[in-house]
Amino acid sequence: MINRKERCHIQAAIIVYDTHAPSTFEKTKMWMEVLRDKSDIGPEMIAVVGNKDDLKNGLITEEEGREYAESEGAMFFETSALNGMNVDPLFFKVAQRLANREIRTPSTSPIQLLESPRRNLRRCCEELI
């Protein structure tokens, strides 16, 4: 169960679904809800990504994916992890949006990137599942 009092302090998110597996597309809606409830990021910092675009005749059309992302105010991309199509533009666009905004922690002080033990970095999002 998700602890509604604890928030995940992230700056951007990429939600990926398989264009050939409708159940994964449905889960993007669950993840969008989790991000709305548990994080401080706005929808403009979320990318909804349909993967496996290299395989034709996907069950989730580009129009369906784009329409959903736009209705949420999120970015939309179709990619192929197999051949790398649109992977670089996806990460470039997310990085560009991050660079173009002032990133603040909940206490409104500038973020300082420090090395942390891996278990601390994963704690927040492990609790979301």
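## A first look at the strands

Let's start with one pair of residues: Gly50 has Glu78 of β3 as its bridge partner. The model you are looking at is a predicted one. Strand β2, covering residues 46-51, is joined to β3 by four bridges, and these two strands run parallel.

## The whole sheet

Step back, and three strands come into view, forming an open sheet with parallel pairing in the order β1-β2-β3. Because β1 (13-18) and β3 (75-78) each have a single partner strand, they stand at the edges, and one side of each is left without a neighbour in the sheet. On average, neighbouring strands here are turned by 20° against each other, direction ignored.

## Helices across the sheet

Now for the helices. Helix α1, made of residues 22-38, lies across β1 and β2 and runs at about 160° to β1. Helix α3 (residues 87-99) lies across β1, β2 and β3, and its direction is at about 165° to β3.

## Where two helices meet

Helix α1 also has a helical companion: its axis and that of α2 (residues 62-72) come within 12 Å and cross at roughly 15°. Angles under 35 degrees count as roughly parallel, so α1 is roughly parallel to α2. Their crossing is right-handed.

Which residues make the contact? From α1 come Phe25, Thr28, Lys29, Met32 and Arg36, while α2 brings Glu64, Gly65, Tyr68 and Glu72. Sorted by character, the residues of this contact comprise four charged, three nonpolar and two polar.

Technical notes
Residues are numbered from 1 along each chain as its sequence is written. This is a predicted model: local features need pLDDT of at least 70, side-chain atom pairs count only at pLDDT 80 or more; totals for chains, interfaces and linings use all residues. Side-chain values use heavy atoms; hydrogens and water are left out. Two strands pair if DSSP finds at least two bridges between them. Axes are lines fitted to C-alpha atoms, for helices over the stretch in contact, and angles run from 0 to 180 degrees between N-to-C directions. Contact means heavy atoms within 4.5 Å. Angles under 35 degrees count as roughly parallel, over 145 as roughly antiparallel, 65 to 115 as roughly perpendicular and the rest as oblique. A crossing is left-handed if the near helix is turned anticlockwise from the far one by less than a right angle, and right-handed if clockwise. Ala, Val, Leu, Ile, Met, Phe, Trp, Tyr, Cys and Pro count as nonpolar, Asp, Glu, Lys and Arg as charged, and the others, Gly among them, as polar.
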